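Thanks for sharing this one. Here are a few notes on the ligand site and the internal cavities, in the order I would go through them on screen.

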Amino acid sequence: MKKLPKTDVVVIGLGWAGSIIAKELADEGLEVIGIERGPWRDTARDFNVATVTDELRYVMREELMLRTRQNTCTMRNNPSQTALPMRTWGSFHPGNGTGGAGNHWAGITFRFQPEEFRLKSHLTERYGANAIPDELVLQDWGTTWEEMEPHYMQFERVAGTSGYAANLNGEKRAGGNPFEGMRSGDYPTPPLRQPYGPTLFAEAAKNMGYQPFPVPSSLVSEAYTNPYGVTMGPCTFCGFCTNYGCANYSKASAITTVLPALMRKENFTAYTNCEVLEVLTDSSGKKATGVTYIDSSGDKWEQPADLVIVAAFTFENVRLMLLSKIGEAYDPVTNRGTTGRNYAYQTANGVTLFFDNKNFNPFIGAGAVGMGIDEFNNDNFDHSGLGFLGGGSIRVTPIGSAPIGYRPVPPNTPKWGSQWKRAVKDNYLSTMSIGCEASSYTTRTNYLSLDPNYSDPHGRPLLRITFDFAENDLKMAQYCTGKVAEIAQSMNPRQIVAKPMSGHWNSVPYQSSHVVGGFIMGADPSTSSVNKHLQVWDVPNLFVVGASAFPQNPGYNPTGTVGALAFKAAHAIRHYYLKRPGEMITA
Ligand SMILES: Cc1cc2nc3c(=O)[nH]c(=O)nc-3n(C[C@H](O)[C@H](O)[C@H](O)COP(=O)(O)OP(=O)(O)OC[C@H]3O[C@@H](n4cnc5c(N)ncnc54)[C@H](O)[C@@H]3O)c2cc1C
Ligand code: SF4
């Protein structure tokens, strides 16, 4: 192994979280090296308008995703089972290369609600401690809405997020999400124009007394130049959005909003096609000294650094901490240890509506255009006597129906032949769906650990996921999907098909890439891994940033909060840590 000269900062992973921190610390004048497992990606070359609308390449063959032969996870539903490796991605679609999963994300950019950051305290105050089901291990985040809000603002300004503020500095405005916390500034760009499906849904929801709002979206609605000086163009609803890169510089990602500015800085260097193997610590275990990585030629290197930032997505953040023996591995039997605990997912539900006489032009769409309601999300409704906690964001977001994958047909249609063809023809234009992306609450037996049986090409154990849906979440799914079905019925379709999440978690169908937890934030080192600055307890020059820090998952998409946490960590390093290196909070 060859040893390189020491740098001020090494950042592992150049997706949203890593790129933001690298940019903020490079602006501080520090020498920053970013190490990225996948290739360098660039809009003009990789997402060229002439080649990017290739469903076979990007959706079926998963061009932008991590190759499972390089690294994958093993999965099981409970600790008594033997986990097996995922050999193709199904359930989730991890990214690889500069920009990370932010290249092929959809762009829905919610802020979490103020209560979320003190969820356990909030629910206890409202319903009493006994109302929290025994199976759940909910926690407060150790931070507050007031501390998060300025950093949500920073992320939205970098991403050019489009939307309509319902609560602007305390001024309540009709037309936005009435459940959103108070904002210190408006969305940087106005809401996107709405296609037909979301418009119909919003009318129906309004007629039932709900308050529909445009889904906040990091697909910009007009030309926009962000605070880093990077310009984006308005979305054209091309319909090749989720799972694709954007040819149009309209979908915010690290490669469209951060890296163009970062790459101009002489004190930043990116190593691509280089996989970090381990975070190194000194003999005390309380100081990170750098990382080791392997390059595309198979050579191993040591990169020493004063400050180490891990931003390698939920799974790899946790795996690197376990492999580097940082923190104590969680044990569900003894309930001891913090690395790996509080892993959660998202509970995906939906209702499909088949009409006879409507034309939705489903090929027009974008990953994050749509209308939603939040009356049945999180704790926005009274849960007394319902037997569950949590809820979901109900919305219509037509992502664009590409030619191979989109074939909506009613149940019991034959799977091939002339009847199937007729059903496709009859339903392609006139079908829409209402989704309900719902919360996932943590349990004692849902956790991440190193697999004892399977390893990657370098001989290191794969990450093992032990997960099944909590009973709480399955009850919530039934209830919320019932509410969606009521709205759907009021729209008078020929037929509706409701699909609440049910049964065991299955890694085969795609559900959501919103995997959270495993290296969570909190105020108590015995139940959390990082403090509210994303600084690892007991290893003050190490920060682990991403959705791995969420103690549970609300009924929202995570990336607005991932971006806000990245800015929050960078702010703490710039304003407190660099002035007085060491623990910023003592337990
Ligand atoms: C299809 C899809 C749709 C989505 N839609 C939405 C949405 O609408 N709204 C929303 O909020 N979220 C959405 N998400 C989730 C969103 O993409 C993630 O929350 C976000 O990308 C997380 O950013 P990150 O920087 O933490 O991780 P990533 O974007 O995954 O970046 C991590 C980077 O680290 C690199 N890396 C990993 N391990 C190593 C290693 N050992 N050494 C070096 N580098 C490493 C990876 O290659 C990657 O580039 C979606 C995700 C997918 C896949
Ligand atoms: S729908 Fe809009 S943001 Fe998405 S890829 Fe097309 S132009 Fe880009």
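1. Let's begin with the secondary structure around ligand 1, bearing in mind that this is a predicted model. Four elements each give at least two residues to the shell: helix H1 (16-27), strand S12 (275-281), helix H9 (313-323) and helix H12 (559-577).

2. The shell itself counts 36 residues, and the closest to ligand 1 are Ala17, Glu36, Ala101, Ile108 and Thr559. Sorted by class, the shell around ligand 1 comprises 16 nonpolar, 16 polar and four charged residues.

3. Next, the backbone contacts, which you may like to display as dashed lines. A polar backbone atom of Ala17 sits 2.9 Å from an oxygen atom of ligand 1. For Gly107, a backbone N or O atom is 3.1 Å from an oxygen atom of the ligand, while for Arg37 a backbone N or O atom is 3.0 Å from a nitrogen atom of ligand 1. How much of ligand 1 does the protein bury? Of the 990 Å² that the ligand exposes when taken alone, 98% is buried by the protein.

4. Now to the empty space. The structure contains four cavities of 30 Å³ or more, and the largest has a volume of about 70 Å³.

5. Which residues line that largest cavity? Its lining is formed by Phe110, Arg111, Gln113, Tyr164, Asn177, Glu180, Tyr187, Phe213, Pro214, Pro216 and Tyr556. By class, this lining has seven nonpolar, two polar and two charged residues.

Conventions. Residues numbered from 1 in each chain as written. Chains lettered and ligands numbered in written order. Predicted model: local features only at pLDDT ≥ 70, side-chain atom pairs only at ≥ 80, totals over all residues. Heavy atoms only, no water. Near = heavy atom within 4 Å. Polar contact = N/O pair within 3.5 Å; in protein donor to acceptor, adjacent residues only side chain to side chain. Areas by Shrake-Rupley, 256 points an atom, 1.4 Å probe, with all protein chains shown as cover. Nonpolar A, V, L, I, M, F, W, Y, C, P; charged D, E, K, R; others polar. 1 Å grid on protein atoms, 1.4 Å probe; cavity = no way out; pocket = protein on both sides within 12 Å on 5 of 7 lines; lining within 4 Å. Points joined across faces, edges and corners; volume = space filled by probe spheres on them.
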